[in-house]
Amino acid sequence: MKPSIYKITVRFDFVAKTGLLCADPALIGVLVELADTQSLIGEYENAIGYLKEALRVSRINNGLYHYSQIDIVDDLIANEILMENWEAVNNYYELEELLYRRLFGMTDARLEVGLEKVTAWHISAINADIDDRTREHLTKIKELLVIRLGIVEDLLGNDNARYTFIFNNLEYAELELQKLKAKSFAGGGMTTPSPTPVKTNC
(Lines give C-alpha, C1' and ligand atoms only; values in the text may rest on other atoms or scores of the structure.)
Protein backbone atom coordinates (compact mmCIF):
# COMPACT_ATOMS: atom_id res chain seq x y z
CA MET A 1 0.00 0.00 0.00
CA LYS A 2 1.46 3.37 -0.99
CA PRO A 3 1.89 5.59 2.09
CA SER A 4 0.31 9.00 2.28
CA ILE A 5 2.87 11.78 1.78
CA TYR A 6 0.89 13.91 4.23
CA LYS A 7 1.04 11.25 6.94
CA ILE A 8 4.75 10.71 6.43
CA THR A 9 5.30 14.47 6.80
CA VAL A 10 3.20 14.47 9.96
CA ARG A 11 5.31 11.64 11.35
CA PHE A 12 8.59 13.47 10.76
CA ASP A 13 7.23 16.70 12.19
CA PHE A 14 5.49 15.01 15.10
CA VAL A 15 7.97 15.88 17.84
CA ALA A 16 8.10 19.54 16.83
CA LYS A 17 4.31 19.85 16.65
CA THR A 18 3.60 18.17 20.00
CA GLY A 19 6.48 19.70 21.88
CA LEU A 20 7.56 16.29 23.13
CA LEU A 21 11.26 15.57 23.25
CA CYS A 22 12.87 12.21 22.56
CA ALA A 23 13.96 12.10 26.20
CA ASP A 24 10.32 12.24 27.31
CA PRO A 25 9.06 8.68 28.06
CA ALA A 26 5.49 9.83 27.33
CA LEU A 27 6.44 10.04 23.65
CA ILE A 28 6.65 6.25 23.44
CA GLY A 29 3.01 5.78 24.41
CA VAL A 30 1.86 8.51 22.03
CA LEU A 31 3.78 7.00 19.12
CA VAL A 32 2.38 3.53 19.82
CA GLU A 33 -1.18 4.93 19.93
CA LEU A 34 -0.61 6.67 16.60
CA ALA A 35 0.73 3.44 15.16
CA ASP A 36 -2.38 1.58 16.35
CA THR A 37 -4.60 4.15 14.66
CA GLN A 38 -2.70 3.91 11.38
CA SER A 39 -2.79 0.13 11.46
CA LEU A 40 -6.56 0.08 12.02
CA ILE A 41 -7.13 2.10 8.83
CA GLY A 42 -4.75 -0.06 6.81
CA GLU A 43 -1.82 2.35 6.73
CA TYR A 44 0.64 -0.30 7.84
CA GLU A 45 3.73 1.42 6.51
CA ASN A 46 2.96 4.54 8.51
CA ALA A 47 2.26 2.40 11.57
CA ILE A 48 5.66 0.77 11.17
CA GLY A 49 7.28 4.21 10.94
CA TYR A 50 5.73 5.30 14.24
CA LEU A 51 6.72 2.02 15.90
CA LYS A 52 10.32 2.30 14.70
CA GLU A 53 10.41 5.78 16.21
CA ALA A 54 8.93 4.43 19.47
CA LEU A 55 11.64 1.77 19.55
CA ARG A 56 14.31 4.42 18.99
CA VAL A 57 12.93 6.58 21.79
CA SER A 58 12.80 3.59 24.13
CA ARG A 59 16.46 2.91 23.43
CA ILE A 60 17.35 6.52 24.14
CA ASN A 61 15.44 6.52 27.42
CA ASN A 62 15.94 2.96 28.64
CA GLY A 63 19.03 1.57 26.92
CA LEU A 64 19.39 -0.96 24.11
CA TYR A 65 17.43 -3.69 25.90
CA HIS A 66 14.30 -2.90 27.90
CA TYR A 67 11.01 -4.63 28.69
CA SER A 68 9.03 -1.88 26.93
CA GLN A 69 10.63 -2.84 23.63
CA ILE A 70 9.04 -6.29 23.56
CA ASP A 71 5.51 -4.94 22.99
CA ILE A 72 6.80 -2.52 20.37
CA VAL A 73 8.55 -5.31 18.49
CA ASP A 74 5.38 -7.46 18.73
CA ASP A 75 3.45 -4.62 17.06
CA LEU A 76 6.13 -4.22 14.40
CA ILE A 77 5.89 -7.93 13.63
CA ALA A 78 2.10 -7.76 13.38
CA ASN A 79 2.23 -4.91 10.85
CA GLU A 80 5.03 -6.47 8.82
CA ILE A 81 2.99 -9.69 8.62
CA LEU A 82 0.04 -7.71 7.27
CA MET A 83 2.35 -6.33 4.57
CA GLU A 84 3.83 -9.81 3.99
CA ASN A 85 7.34 -8.48 4.52
CA TRP A 86 8.69 -11.86 5.62
CA GLU A 87 12.34 -10.88 5.77
CA ALA A 88 11.46 -8.02 8.12
CA VAL A 89 9.29 -10.35 10.20
CA ASN A 90 12.19 -12.77 10.56
CA ASN A 91 14.54 -9.94 11.51
CA TYR A 92 12.19 -8.65 14.19
CA TYR A 93 11.81 -12.12 15.65
CA GLU A 94 15.61 -12.26 15.84
CA LEU A 95 15.51 -8.96 17.73
CA GLU A 96 12.77 -10.28 20.00
CA GLU A 97 14.83 -13.37 20.80
CA LEU A 98 17.77 -11.14 21.66
CA LEU A 99 15.60 -9.02 23.94
CA TYR A 100 14.27 -12.01 25.85
CA ARG A 101 17.72 -13.54 26.23
CA ARG A 102 19.19 -10.24 27.46
CA LEU A 103 16.36 -9.42 29.84
CA PHE A 104 15.58 -12.78 31.43
CA GLY A 105 17.88 -15.38 32.92
CA MET A 106 17.91 -19.11 32.26
CA THR A 107 15.89 -19.74 35.42
CA ASP A 108 13.15 -17.27 34.46
CA ALA A 109 9.98 -18.79 33.01
CA ARG A 110 9.43 -15.61 30.97
CA LEU A 111 12.43 -16.51 28.84
CA GLU A 112 10.85 -19.82 27.88
CA VAL A 113 7.55 -18.08 27.06
CA GLY A 114 9.36 -15.56 24.85
CA LEU A 115 11.37 -18.20 23.03
CA GLU A 116 8.13 -20.12 22.46
CA LYS A 117 6.88 -17.15 20.41
CA VAL A 118 10.01 -17.21 18.27
CA THR A 119 9.75 -20.98 17.84
CA ALA A 120 6.15 -20.58 16.68
CA TRP A 121 7.26 -18.12 13.99
CA HIS A 122 9.78 -20.53 12.50
CA ILE A 123 7.21 -23.33 12.52
CA SER A 124 4.67 -21.08 10.78
CA ALA A 125 7.27 -20.03 8.21
CA ILE A 126 7.81 -23.65 7.25
CA ASN A 127 4.15 -24.63 7.21
CA ALA A 128 3.14 -21.57 5.16
CA ASP A 129 6.11 -22.05 2.78
CA ILE A 130 6.86 -18.33 2.80
CA ASP A 131 10.50 -18.67 1.78
CA ASP A 132 13.11 -21.20 0.69
CA ARG A 133 14.75 -21.46 4.11
CA THR A 134 13.23 -24.64 5.51
CA ARG A 135 16.55 -25.98 6.72
CA GLU A 136 17.45 -22.68 8.37
CA HIS A 137 14.09 -22.53 10.15
CA LEU A 138 14.38 -26.12 11.34
CA THR A 139 17.89 -25.50 12.64
CA LYS A 140 16.63 -22.51 14.60
CA ILE A 141 13.66 -24.48 15.92
CA LYS A 142 16.04 -27.13 17.21
CA GLU A 143 18.29 -24.54 18.85
CA LEU A 144 15.36 -22.85 20.58
CA LEU A 145 13.84 -26.11 21.77
CA VAL A 146 17.15 -27.16 23.32
CA ILE A 147 17.29 -23.90 25.29
CA ARG A 148 13.64 -24.15 26.32
CA LEU A 149 14.07 -27.75 27.40
CA GLY A 150 16.94 -26.73 29.68
CA ILE A 151 14.88 -23.92 31.21
CA VAL A 152 11.91 -26.19 31.92
CA GLU A 153 14.17 -28.87 33.38
CA ASP A 154 15.80 -26.35 35.72
CA LEU A 155 12.44 -24.94 36.83
CA LEU A 156 10.22 -28.03 36.89
CA GLY A 157 12.43 -31.07 36.43
CA ASN A 158 11.95 -33.60 33.65
CA ASP A 159 8.85 -35.38 34.96
CA ASN A 160 6.14 -33.04 33.72
CA ALA A 161 3.96 -32.51 30.65
CA ARG A 162 5.80 -29.35 29.54
CA TYR A 163 9.18 -31.07 29.49
CA THR A 164 7.78 -34.07 27.62
CA PHE A 165 6.03 -31.85 25.10
CA ILE A 166 9.19 -29.86 24.27
CA PHE A 167 11.32 -33.00 24.24
CA ASN A 168 8.99 -34.66 21.72
CA ASN A 169 9.05 -31.57 19.50
CA LEU A 170 12.84 -31.52 19.68
CA GLU A 171 13.00 -35.12 18.52
CA TYR A 172 10.63 -34.28 15.67
CA ALA A 173 12.74 -31.29 14.60
CA GLU A 174 15.90 -33.43 14.65
CA LEU A 175 14.17 -36.07 12.53
CA GLU A 176 13.11 -33.47 9.94
CA LEU A 177 16.65 -32.11 9.78
CA GLN A 178 17.98 -35.62 9.20
CA LYS A 179 15.50 -36.05 6.34
CA LEU A 180 16.71 -32.82 4.72
CA LYS A 181 20.33 -33.90 5.04
CA ALA A 182 19.49 -37.28 3.50
CA LYS A 183 17.78 -35.58 0.55
CA SER A 184 20.76 -33.30 0.10
CA PHE A 185 23.23 -36.18 0.01
CA ALA A 186 20.99 -38.20 -2.30
CA GLY A 187 20.84 -35.29 -4.72
CA GLY A 188 24.59 -34.81 -4.74
CA GLY A 189 24.48 -31.42 -3.11
CA MET A 190 22.38 -28.91 -1.24
CA THR A 191 18.80 -28.86 -2.41
CA THR A 192 15.71 -26.87 -1.59
CA PRO A 193 13.14 -29.54 -0.78
CA SER A 194 9.43 -29.01 -0.51
CA PRO A 195 8.60 -28.02 3.06
CA THR A 196 7.55 -30.84 5.35
CA PRO A 197 4.55 -29.95 7.51
CA VAL A 198 5.69 -29.30 11.05
CA LYS A 199 3.64 -29.62 14.20
CA THR A 200 1.78 -26.39 14.79
CA ASN A 201 2.30 -26.60 18.55
CA CYS A 202 5.70 -25.65 19.90
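Axes here are lines fitted to C-alpha atoms, for helices over the stretch in contact, and angles between N-to-C directions run from 0 to 180 degrees. In this predicted model, local features need pLDDT of at least 70 and side-chain atom pairs count only at pLDDT 80 or more, while totals for chains, interfaces and linings use all residues. Residues are numbered from 1 along each chain as its sequence is written, and side-chain values use heavy atoms, with hydrogens and water left out.

Helices are DSSP runs (H or I, at least four residues), numbered from the N terminus. α8 and α9 pack at an angle of about 155°, and their axes are 9 Å apart. The two helices are therefore roughly antiparallel to each other (angles over 145 degrees count as such).

Helix α9 covers residues 161-186, 26 residues in total, and reaches 38 Å from its first C-alpha to its last. That is close to the 38 Å expected at 1.5 Å a residue (1.5 Å times one less than the number of residues). Among the buried residues of α9 are Tyr163, Ile166, Leu170 and Leu177 (buried means under 20% relative accessible area, exposed over 50%, partly exposed in between, with a 1.4 Å probe and protein chains only). The buried residues of α9 pack against α7 (109-127) and α8 (134-156).

Two loop residues other than glycine have positive phi values.

| Residue | Phi | Loop | Relative accessible area |
|---|---|---|---|
| Glu84 | near 60° | between α5 (68-82) and α6 (86-103) | 56%, exposed |
| Asp129 | near 55° | between α7 and α8 | 44%, partly exposed |

How values were computed
Contact = heavy atoms within 4.5 Å. Parallel < 35°, antiparallel > 145°, perpendicular 65-115°, else oblique.
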